[in-house]
Amino acid sequence: MEGLQNVWGWQPALYLFLGGVGAGAFIAAMVAYFKNGQKKSSTVFASVCAAAVCLVVGLLLLLSELITPARGLMMWQSFSNFSSWMTIGAWVVFAAVIVFVLEALCLWDRAVAFVSKGNSSFGEAVPAMARVLGIVGCVLAFCVAAYTGILLMSAPGVPLWNTILLPCLFTVSALDTGIALVEVITFVNRKKEGMGEATVLLLNRGVVALVVVELVVLAALLISMAMAPAGESHTAAVAAQSAALIFQGELAPWFWILVVALGLAVPLVASFVTLRASGEKPHIVGLAGAMGALIGGCALRFIIMLAGLHADPVIDTIVQLMG
Amino acid sequence: MSNSMPAIDRRSALKIIAAASLTAGSACIFVTGSAHAEEETEETGVKKNAPFSGRVGFLVKPENCLNCQACVEACRKFNKTSKDRPARRKIAKYEKDGEALYVSMSCMHCEEPSCMAVCPAGAISKAEDGVVIVDKDRCIGCKYCYQACPFGVPQYNSVAMDKCDCCTLGGTRPGNMPRCAEACKFGALHFGTVEELLAQCPEAKVIETSTKPSFYLA
């Protein structure tokens with residue numbers, strides 16, 4: 001793995017994946033919740049819980065990567081510079097975790113029953129609260145999904161990351177993997193309850209659309225890097241080098257097998273099969289597609305992280321000096 | 001090719017002088033270094049020199065650099081960087097058509113440092129004279145500054161981010177000449193205000209990046 005980005009290890013890569021999948025899962029769960037007429041559902045509840053767990057684990061991973069994790073826990077001090085996307089992102093993730101947990105409590109019968117024991121009017125307000133928290137949570141979730149890409153985009157020294165296409169790619173991938181997580185939970189919970197035919201249809205159509213958009217954005221990102229005029233500047237040369245690493249270099253087997261085949265092709269085919277089969281019960285093929293999407297989404301974060309090579313702007317000036 | 005010959009001749013001559021002066025002068029440097037150290041312990045906390053008036057920076061003349069590592073060693077010694085860790089300064093080698101140039105590099109003390117912008121803890125700041133400094137008690141070690149720095153300058157030890165602060169010990173003693181520039185005997189590494197450096201070498205080239213580095217090459 002020599003010659004790859006190694007200052008950030010596996011924790012930030014996993015943090016970016018979990019942040020995205022958690023955000024996407026919350027949005028997918030809320031789509032199902034609103035599509036089903038805001039009926040209480042154990043699948044939706046479990047999906048919201050899983051979304052919150054993903055974000056919490058992601059934050060813990062980020063903390064574990066720090067040199068001084070204990071200092072990092074003092075968020076009011078450690079994340080106080082709001083010109084940094086890491087600060088904005090950390091607070092958005094923190095807020096999202098709180099909203100996700102509150103939404104999970106609103107969707108949990110036992111919690112609602114416990115709280116409304118002494119106060120019946122509270123119990124009556126719960127559906128409205130769940131609705132508002134659901135909408136606020138979706139906005140925060142979208143911000144978290146985009147932030148995972150913006151965090152890398154705001155590194156001017158790394159040409160592969162320093163493009164608006166990266167937040168676009170990570171946002172689409174977050175939604176895609178989020179639906180996949182909800183599909184896995186639906187499959188696990190299939191004996192208890194179904195998702196509803198209309199919702200299954202909607203989510204699978206969503207997967208098809210998202211995979212197509214993701215393919216386009218991924219291709220645009222890699223082609224724009226590969227086609228960078230390498231002779232003009234070292235930054236462009238490093239951009240092309242990063243793309244080559246992914247296309248045909250050390251990372252190529254992982255990219256083609258895990259990201260393209262498992263992460264994009266398998267979910268696309270699985271969604272078509274599920275759409276043709278239809279029905280309330282989740283299909284085993286749908287599970288395969290969802291698992292593929294999750295593995296591919298995770299591999300994508302690792303590959304983008306590892307291929308993020310630093311450019312050296314000094315070289316361009318040296319070339320001028322050397323004539 | 002003909003253009004490169006005088007440079008090589010000059011370099012060879014400089015190498016001979018360097019070898020002789022380094023051998024003969026090492027004892028002197030050692031003695032002078034100890035004297036400085038004594039002076040420093042006596043004057044702890046005393047701001048003896050006036051701060052530089054204006055933004056400071058480095059001017060590097062690769063044609064004069066012999067890769068003697070004196071700047072790196074001076075940096076290592078003053079900043080007490082242990083041998084098992086990379087020094088805050090390094091000499092990068094650039095080659096083109098068989099010709100090699102050595103460039104002594106460290107933090108560029110950019111006018112608009114991206115490390116400062118991305119630091120979530122606000123641990124990086126710019127002193128009055130433009131030196132970019134790190135508050136080690138505030139740094140959480142997230143390594144975002146490394147990713148943001150176009151030159152990949154920030155390094156990390158077990159405590160926090162570590163990089164050149166122009167030998168100001170975290171901004172506590174402005175006005176001192178960095179030890180690396182003092183140690184360079186061949187006129188390859190200069191330190192001063194940007195105005196002074198550009199007046200000294202008007203043809204110096206600035207490195208084109210969004211962060212506007214205070215680092216010039218001539």
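Me: Which residues of β1(B) lie on one side and which on the other, and are they buried or exposed?
Reply: Buried here means under 20% relative accessible area, exposed over 50%, and partly exposed in between, with a 1.4 Å probe and protein chains only. Helices (H or I, at least four residues) and strands (E, at least two) are DSSP runs, numbered from the N terminus. Both faces of β1(B) are covered. One side holds Val56(B), Phe58(B) and Val60(B), the other Gly57(B) and Leu59(B), and all of these are buried.

Me: What kind of model is this, and which pLDDT values apply?
Reply: Residues are numbered from 1 along each chain as its sequence is written, while chains are lettered from A and ligands numbered from 1 in the order in which they are written. Side-chain values use heavy atoms, with hydrogens and water left out, and totals for chains, interfaces and linings use all residues, but in this predicted model side-chain atom pairs count only at pLDDT 80 or more and local features need pLDDT of at least 70.

Me: Why is β1(B) described as largely enclosed?
Reply: Strand β1 of chain B covers residues 56-60. It is largely enclosed by the rest of the structure because the number of its residues that are buried is 5 of the 5.

Me: Which strands pair with β1(B), and in which sense?
Reply: Two strands pair if DSSP finds at least two bridges between them. Strand β8 (residues 189-193) of chain B is joined to β1(B) by 5 bridges, and the two run antiparallel. Over 3 bridges, β1(B) also pairs in the parallel sense with strand β10 (residues 215-217) of chain B. The partners are thus antiparallel β8(B) and parallel β10(B).

Me: Which residues stand opposite Val60(B), Leu59(B) and Phe58(B)?
Reply: In β8(B), Val60(B) faces Leu189(B), and the bridge partner of Leu59(B) is His190(B). For Phe58(B) the bridge partner is in β10(B), and that residue is Phe215(B).

Me: Which strands stand at the edges of the sheet that holds β1(B)?
Reply: The sheet is open, has mixed pairing, and places its 4 strands of chain B in the order β8-β1-β10-β9. Each edge strand has a single partner strand, so one side of each is left without a neighbour in the sheet; these strands of chain B are β8 and β9 (205-206).

Me: How many residues lie between β2(B) and β3(B), and which turn residue has a positive phi?
Reply: Strands β2 (residues 90-96) and β3 (residues 99-105) of chain B pair in the antiparallel sense over 7 bridges. Within this pairing, Ala92(B) has Val103(B) as its bridge partner, and Tyr94(B) has Leu101(B). Of the two strands, β3(B) is largely enclosed by the rest of the structure, because 6 of its 7 residues are buried. The strands form a hairpin with 2 residues between them, and the turn residue with a positive phi, about 50 degrees, is Asp97(B).

Me: Where does Cys166(B) lie, and what is its phi?
Reply: Most residues other than glycine have a negative phi. Cys166(B) lies in the loop between β7 (161-162) and α5 (179-183) of chain B, and counts as buried at 1% relative accessibility. Its phi is positive, near 55 degrees.

Me: What is the relative accessibility of Lys143(B)?
Reply: Lys143(B) is in the loop between β5 (132-134) and α4 (144-148) of chain B. Although not a glycine, Lys143(B) has a positive phi of about 70 degrees. Lys143(B) counts as buried, because its relative accessibility is 17%.

Me: How many helices and strands does chain A have?
Reply: Buried residues make up 55% of the 323 residues in chain A. From the N terminus on, every element in the run is an α. The totals are 13 helices and 0 strands.

Me: Which residues does Thr274(A) contact beyond its neighbours within four places in sequence?
Reply: Thr274(A) belongs to helix α11 (residues 252-277) of chain A and is buried, with a relative accessible area of 9%. Contact means heavy atoms within 4.5 Å. Leaving those neighbours aside, the contacts are Val200(A), Asn204(A) and Gly286(A).
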